[in-house]
Amino acid sequence: MTAGLRELKKRQTRQMISDTATRLFMERGFEAVTIAEIATAAQVAKMTVTNYFPRKEDLALDYHETITTALARTVADRPTGESALTALRRAYLAAVERHDPVVGFSSPEFARMLADSPTLTARLRELHDQREEALADALTTATAPTPDDPTPRAAAALLTAAHRTLFHHVQALTRTGHPNEEIATTAARSAEKVFDLLEPSLGDYAVR
């Protein structure tokens, strides 16, 4: 088997395990399902599950790496003349348009599963905190502040709080059964209001 085929097989196996776990979690609740049960349902060894997913929570939140890095990457890749806030607003609205899970889009069953699980709720908080740290580092790199200047961390906290608020807004609408197109319209309108609140203080911050 060539390296390319091996990599494809690994991706397929990983996705199959994640899909199987998510189905079981939505049927029975996150806390009620064991790794051994996931392995049996996916027809793989328990060790195979843990090799791909060292944390049980990441079976449900398979996009955790994207959550933690997306904001920092958007700031790092912003074009010349664009501020951090403008870049993040643009990226968020594009994510809403494509119904991206990273900004909260999911099925109602999945959204309710997340809300009903203390473990997953705690993991989401952790991911949001890691995202804030990554964004603070990106803003520090972008603005080269003095060591005693807290501005990058303060800006990261505000910008991440906006995204966290909008994420929970999308999830709440999803849990109550609103269709994705309607949620996208509402989320885009809400995002404009939220980002407008930050415009007076951060509109000109970290312009590339």
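Between domain 1 and domain 2 of this predicted model, an area of about 1000 Å² is buried, and carbon and sulfur atoms give 54% of that area. On the side of domain 1, the residues that lose the most area to domain 2 are Met-26, Glu-31 and Asp-58, which together make up 43% of what that side buries. The two parts come from the domain assignment of the protein, which gives domain 1 as residues 1-59 and domain 2 as residues 62-203.

**How the two domains meet**

- Measured by residues in contact, the interface is even-handed in number, with twelve residues of domain 1 touching twelve residues of domain 2.
- The C-alpha centres of domain 1 and domain 2, by comparison, lie 27 Å apart.
- Three salt bridges are found across the interface of domain 1 and domain 2, and six residue pairs there are in polar contact, with both residues of each pair at pLDDT 80 or more.
- Two elements, α1 (3-28) and α4 (57-60), each give two or more residues to the side of domain 1 that touches domain 2, and of these α1 gives the most, with six residues.
- Sorted by class, that side of domain 1 has four nonpolar residues, three polar residues and five charged residues.

**Salt bridges, in the interface and beyond**

- The structure as a whole holds 14 salt bridges.
- In one of them, the side chains of Asp-58 and Arg-123 meet with an N to O distance of 3.2 Å; Asp-58 is also among the residues of domain 1 that lose the most area to domain 2.
- Another salt bridge joins Asp-62 with Arg-14, and here the closest N and O atoms are 2.4 Å apart.
- This second pair links distant parts of the chain, since Asp-62 sits in the loop between α4 and α5 (64-76), while Arg-14 belongs to helix α1, 48 residues apart from it in the chain.

**Annotated regions**

- An unreviewed UniProt entry carries the annotation "domain: HTH tetR-type", which covers residues 11-71.
- Over residues 11-71 the chain is 74% helix and 0% strand, and the C-alpha atoms at the two ends of this stretch are 25 Å apart.
- The annotation "DNA-binding region", likewise taken from an unreviewed UniProt entry, covers residues 34-53.
- Over residues 34-53 the chain is 75% helix and 0% strand, with the end C-alpha atoms 13 Å apart.

**The overall fold**

- The protein contains ten helices and zero strands, and when read along the sequence it follows the pattern α-α-α-α-α-α-α-α-α-α.
- Taken along the principal axes, the C-alpha atoms of the protein fill a box of roughly 55 × 40 × 30 Å.

Conventions
Residues numbered from 1 in each chain as written. Predicted model: local features only at pLDDT ≥ 70, side-chain atom pairs only at ≥ 80, totals over all residues. Heavy atoms only, no water. UniProt positions renumbered as here; feature names shortened; annotations may be inferred. Helix = DSSP H or I, 4+ residues; strand = E, 2+ residues; numbered from the N terminus. Domains from an automatic or database assignment. Contact = heavy atoms within 4.5 Å. Buried area = accessible area lost by both parts, 1.4 Å probe. Salt bridge = Lys/Arg side-chain N within 4 Å of Asp/Glu carboxyl O. Polar contact = N/O pair within 3.5 Å; in protein donor to acceptor, adjacent residues only side chain to side chain. Nonpolar A, V, L, I, M, F, W, Y, C, P; charged D, E, K, R; others polar.
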